[in-house]
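Biologist: I have a new model open and would like to talk it through with you. Could we go over the reasoning behind each label as we go?

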Amino acid sequence: MPVTVTRTTVTTTMSSSSGLGSPTIVGSPRALTQPLGLLRLLQLVSTCVAFSLVASVGAWTGSMGNWSMFTWCFCFSVTLIILIVELGGLQARFPLSWRNFPITYACYAALFCLSASIIYPTTYVQFLSHGRSRDHAIAATAFSCIACVAYATEVAWTRARPGEITGYMATVPGLLKVLETFVACVIFAFISSPYLYQHQPALEWCVAVYSICFILAAVAILLNLGDCTNVLPISFPSFLSGLALLSVLLYATALVLWPLYQFDEKYGGQPRRSRDVNCSNRHTFYVCTWDRRLAVAILTAINLLAYVADLVYSARLVFVRV
């Protein structure tokens with residue numbers, strides 16, 4: 001389903017612009033000399049240096065360290081694939097919509113690198129003793145921050161502008177879908193221990209809310225990446241509006257219930273962090289139980305705001321068939 005952007009319009013036509021005001025040169029090494037090509041080279045180098053520095057000294061431990069290492073390796077690999085596709089002029093043979101895929105990936109990569117740039121130093125680097133491993137870890141964090149800025153810059157350069165014909169994922173609602181699914185994945189990571197919610201039906205409802213909204217948003221993204229929005233039994237704009245409205249209502253219930261049953265003693269919650277024995281050990285490579293509960297509450301509020309913005313911006317989209 002195509003998009004244009006006036007108030008914002010969505011269309012499935014290919015734009016000849018790279019989002020920087022100059023045509024994209026495909027199937028040629030000259031693509032790397034364009035601003036977007038140079039930016040992707042920076043992304044490639046910074047993620048490569050980040051995971052190489054960490055791997056050279058084995059400076060990662062536990063789930064948080066594994067997540068950071070996965071982030072840098074994944075972003076390096078996909079960025080390399082994108083560069084190869086553009087250098088070879090293989091966009092038409094790529095299995096996903098090239099109109100939607102690069103910006104979708106860039107947005108995810110920016111969020112991934114942002115999370116690694118925060119999680120790695122706070123849960124791992126600060127506990128390392130001074131020496132070669134710590135120096136490498138600090139340098140890796142710096143390159144992770146550079147990669148985050150580079151990916152965010154690509155999103156800013158290639159996102160839809162008013163009056164422009166573009167893919168849905170380049171619009172504000174499309175980018176918000178990426179944020180919503182990413183935040184939901186982080187929530188799932190924090191609630192991976194069932195004891196956080198299985199003792200209360202209200203908390204199990206919150207987990208169901210996170211899962212339902214994540215699945216619906218992921219479906220919307222996959223339909224656009226696969227250029228198959230016409231398979232829905234209803235119009236895609238109606239699906240998006242209904243999805244956003246339903247998600248706002250569901251997340252509103254979770255925003256009330258999760259903090260209430262996690263932090264209010266009357267409902268079996270634990271209001272003070274000092275009472276959680278898991279949080280007493282400062283030298284740790286994982287997030288303690290009370291901090292997980294607080295993180296989920298904050299992320300629930302963030303996602304609710306994202307869905308509200310999604311609902312508002314979706315009403316301004318104009319869909320056109322081409």
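Biologist: What makes the contact between the side chains of R40 and E86 a salt bridge?

Modeller: Keep in mind that this is a predicted model. The N to O distance between the side chains of R40 and E86 is 2.7 Å. The cut-off for a Lys or Arg nitrogen and an Asp or Glu carboxyl oxygen is within 4 Å, so the pair qualifies as a salt bridge.

Biologist: Why do you say that R40 and E86 tie together parts of the chain?

Modeller: R40 belongs to helix α1 (residues 35-57) and E86 to helix α2 (residues 62-88), so the salt bridge joins parts 46 residues apart in sequence. Both residues are buried. R40 and E86 are also linked with E154 in a network of salt bridges.

Biologist: How many salt bridges does a search of the whole structure find?

Modeller: The search finds four salt bridges. Among them is the one between R99 and D227, with the closest N and O atoms 2.5 Å apart. R99 sits in the loop between α2 and α3 (101-123), while D227 sits in the loop between α6 (201-225) and α7 (236-263), so this pair ties together parts that are 128 residues apart in sequence.

Biologist: Why is R99 called buried?

Modeller: R99 has 15% relative accessibility. Buried means under 20%, so R99 is counted as buried.

Biologist: And why is D227 called partly exposed?

Modeller: D227 has 38% relative accessibility. That value lies between the 20% limit for buried and the 50% limit for exposed, so D227 is partly exposed.

Biologist: What is the phi of D227 near?

Modeller: Phi of D227 is near 50°, a positive value in a residue other than glycine. D227 is in the loop between α6 and α7.

Biologist: How do you know that K177 and D310 form a salt bridge?

Modeller: The N to O distance between their side chains is 2.5 Å. The limit is within 4 Å, so K177 and D310 count as a salt bridge. K177 lies in helix α5 (residues 172-190) and D310 in helix α8 (residues 289-314), so the pair connects parts that are 133 residues apart in sequence.

Biologist: Are K177 and D310 buried or exposed?

Modeller: K177 is buried, at 0% relative accessibility. D310 is buried too, with a relative accessible area of 0%. Both values fall under the 20% limit, so the label fits each residue.

Biologist: How many disulfides does a search of the whole structure find?

Modeller: It finds zero disulfides. A pair of cysteine sulfur atoms would have to be within 2.5 Å to count, so the search found no such pair.

Biologist: Why is C185 called partly exposed?

Modeller: Its relative accessible area is 38%, between 20% and 50%, so C185 is partly exposed. C228 has a relative accessible area of 25%, so C228 is partly exposed as well.

Biologist: Which residues form the nonpolar patch on the surface?

Modeller: V172, V308, V312 and Y313 form the patch, with about 300 Å² of accessible area together. Helix α8 gives the most to the patch, with three residues.

Biologist: What makes V172 eligible for a patch?

Modeller: V172 is at 34% relative accessibility. Patch residues need over 30%, so V172 passes that cut-off. V172 is found in helix α5.

Biologist: Which residues have the most contacts inside the largest nonpolar core?

Modeller: They are Y210, Y251 and W258, in a core of 67 residues. At least two residues of this core come from each of α2, α3, α4 (132-158), α5, α6, α7 and α8. Helix α6 gives the most, with twelve residues.

Biologist: Where does UniProt place the feature "transmembrane region"?

Modeller: The unreviewed UniProt entry places it at several spans, including residues 102-125 and 202-226. In the model, residues 102-125 are 92% helix and 0% strand, and their end C-alpha atoms lie 32 Å apart. Residues 202-226 are 96% helix and 0% strand, with end C-alpha atoms 36 Å apart.

Biologist: How many helices and strands does the protein have?

Modeller: There are eight helices and four strands. From the N terminus on, the elements run β-β-α-α-α-α-β-α-α-α-α-β. Of the 322 residues of the protein, 49% count as buried.

Methods
Residues numbered from 1 in each chain as written. Predicted model: local features only at pLDDT ≥ 70, side-chain atom pairs only at ≥ 80, totals over all residues. Heavy atoms only, no water. Buried < 20%, exposed > 50% of the residue type's maximum accessible area, 1.4 Å probe, protein only. Patch = residues over 30% accessible without salt bridge, like charges linked within 9 Å, V, L, I, M, F, W, Y side chains within 5 Å. Areas by Shrake-Rupley, 256 points an atom, 1.4 Å probe, with all protein chains shown as cover. UniProt positions renumbered as here; feature names shortened; annotations may be inferred. Core = buried A, V, L, I, M, F, W, Y, C linked by side-chain atoms within 4.5 Å.
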